[in-house]
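User: I've got a new model open and I'd like to learn how to read it properly. Can you walk me through the features one by one?

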Amino acid sequence: RLIVPFSPGSSTNDILGRGIAQRLTQHLGQQVVVDNRPGAGGTSGSDIVAKAPPDGYTLLVAIAGPLTVAPAVYKHIGYDATRDFTAVARVATIPYVMVVSNTVAANNVKELIALAKAKPGAMSFASSGVGGSPHLCGELFKTTAAVDMVHVPYKGAGVATTDVLSGQIHMFCTGLTALTALIKAGRIRPVGMATLKRSALMPDIPTLSEQGLKDFEVTSWTGIVAPAKTPRPIVQKLYGALAKITQTEDMKAFVQQQGAEMALLGPEAFAADIKSDIVKWARVVKAAKISQE
C-alpha cells in the first residue's frame, strides 16, 4: 500500500505518487496499490503510516507539509515526524517561484523590497491556506527581507492566483508548476526562484538568493517513507528499486511533465534533510506566530 495523504488528482504529489507506484509494481513484480487518505493538511494519511506495522508493506508518499511544517503549525498531529518514520528516498522536488501582479512596479526582488519598505503593511501576499508552504514562503520573505506585508489566505492556489492576476493581491510564492503557463504568457511577473540554483524548467528566472536574499530556499519535495523500525534490508531494497526507476528516461520525462525535477536522496541524506527542514520551519512558524488546532 502506498498511501497518498491527499485526494486523487488534487496535487502534483498525488500524480507523482501514482507514477512511482506504477513503476514500482513493474520493477518489484508485486502490486503496489495507491490508497488516498486525505484530511488535516496531509497529517491524517501520514498518521496511518506512522502507526502501521514496520514490514515494508505500508509506505507513505511523503511531502514537506505533513512531515516538516505540520509539527510546528499543529498542536496535535498524532505522530513525531522524526521518530515515527524511516526515510526511504526523496525522489523529486517542485521548485517554488515568487511572482507579483503586473500592477506591481517591480521586476526583481530588490524593487519589490523597496516598494514594501516604502509602504509598510500596505502590500499583501497570498497563500493557499494557513501553514502551507506558500504561506511560509511569504513569512520567510518578510523576515529575511525585513518587510511588513499582509498575509491573505485562500482555500487553494487557484483562487489565490486569480486575485494576484487581477491585482487585488500583490505577491504570491508557490510551486512553479501552477504558474508556468501564466509566466510564459506574460500575465504574471516572476521576481525570483525560491531555489538555491536556477531551475532547469525556467533557467532565465534568477534565484532570490543570487539577488541578495542569501540562502533563501522554499521547495516542495516528494519522497517515500516507511514506518519507524522498518528493517534496514527492506529499506535498502525499496531504495534500490526507486534509484533504478529514477534513472530511466521514462521516469525522468514523467517527473518533468509534472513540473518537477528529479532529486534523488538516499535514506540517510533524506532523513537529515527532513530534520533540517523541521528546524528551519519551526523558526519561521514561531516568528510568524502561526498556530492551528
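User: Let's start with the secondary structure: how many helices and strands are there in the protein?

Analyst: Keep in mind that this is a predicted model. The protein has 10 helices and 10 strands. The radius of gyration is 19 Å, close to the 19 Å from the globule rule for 293 residues, so the protein is as compact as a globular protein of that length. Along the principal axes, the C-alpha atoms fill a box of roughly 60 × 40 × 30 Å.

User: What share of the residues in the protein is buried?

Analyst: Buried means under 20% relative accessible area. Here 53% of the 293 residues fall into that class. The accessible surface comes to about 12,800 Å², and carbon and sulfur atoms own 53% of that area.

User: And what about contacts and charges?

Analyst: For contacts, look at sequence separation. Among those with a separation of 6 or more, 77% join residues 24 or more positions apart. For charges, compare mean positions: the 29 positive and 21 negative charges have means 2 Å apart.

User: How do I check a helix, say H1? What should its 17 residues span?

Analyst: Count 1.5 Å a residue, taking one less than the number of residues. For H1, residues 12-28, that gives 24 Å, and the end C-alpha atoms are 24 Å apart, so the two agree. Its buried residues include Leu16, Ile20 and Leu24, along with Asp14 and Arg23. Just after H1, glycine 29 takes a positive phi of about 70 degrees.

User: Which residues of H10 are buried, and what covers them?

Analyst: First the span again: H10 runs over residues 267-288, its 22 residues should cover 32 Å, and its end C-alpha atoms are 32 Å apart, which agrees. The buried ones are Pro267, Phe270, Ile274, Asp277, Ile278, Lys280, Trp281, Val284 and Val285. Their cover includes the helices H3, H5 and H8 and the strands S4, S9 and S10. After H10 comes lysine 289, with a positive phi near 55 degrees.

User: How should I read a positive phi on something that isn't a glycine?

Analyst: Most residues other than glycine have a negative phi, so a positive one deserves a look. Take aspartate 215, with a phi of about 60 degrees. Aspartate 215 sits in the loop between S8 and S9 and counts as exposed at 53% relative accessibility. Lysine 229 also has a positive phi, about 70 degrees. Lysine 229 is in the loop between S9 and H8, and with a relative accessible area of 75% this residue is exposed.

User: Now single residues. Is isoleucine 3 buried or exposed?

Analyst: Start with where the residue sits, then its accessibility, then its partners. Isoleucine 3 belongs to strand S1, residues 2-4, and is buried with a relative accessible area of 0%. Leaving aside neighbours within four places in sequence, isoleucine 3 contacts Asp35, Arg37, Gly45, Ile48, Val49, Thr58, Leu59, Leu60 and Val61. Its C-alpha is 8.3 Å from that of valine 33, which is 30 residues away in sequence.

User: Where is valine 109, and what does it touch?

Analyst: Valine 109 is in helix H4, residues 109-118, and is buried at 1% relative accessible area. Beyond residues up to four places away in sequence, valine 109 touches Phe141, Val191, Leu208, Gln211 and Leu213. In sequence, valine 109 and threonine 207 are 98 residues apart, yet their C-alpha atoms are 9.3 Å apart.

User: Which residues does alanine 81 touch?

Analyst: Leaving out residues up to four places away in sequence, alanine 81 touches Leu67, Pro71 and Ile278. Alanine 81 is in the loop between H3 and S4, and at 9% relative accessibility this loop residue counts as buried. Ile278 is also one of the buried residues of H10. For a different kind of pair, try alanine 81 and leucine 112: 31 residues apart along the chain, with C-alpha atoms separated by 35 Å.

User: One more: is threonine 93 buried or exposed?

Analyst: Threonine 93, in strand S4, is buried, with a relative accessible area of 12%. Not counting residues up to four places away in sequence, its contacts are Ser220, Trp221, Ala260, Glu261 and Ala263.

Notes
Residues are numbered from 1 along each chain as its sequence is written. This is a predicted model: local features need pLDDT of at least 70, side-chain atom pairs count only at pLDDT 80 or more; totals for chains, interfaces and linings use all residues. Side-chain values use heavy atoms; hydrogens and water are left out. Helices (H or I, at least four residues) and strands (E, at least two) are DSSP runs, numbered from the N terminus. The radius of gyration is taken over C-alpha atoms; the globule rule is 2.2 Å times the number of residues to the power 0.38. Buried means under 20% relative accessible area, exposed over 50%, partly exposed in between (1.4 Å probe, protein chains only). Contact means heavy atoms within 4.5 Å. Accessible areas come from the Shrake-Rupley method with a 1.4 Å probe; for residues, only the protein chains shown count as cover. Lys and Arg count as positive and Asp and Glu as negative; His and the chain ends are not counted. The place of a charge is taken as NZ of Lys, CZ of Arg, CG of Asp or CD of Glu.
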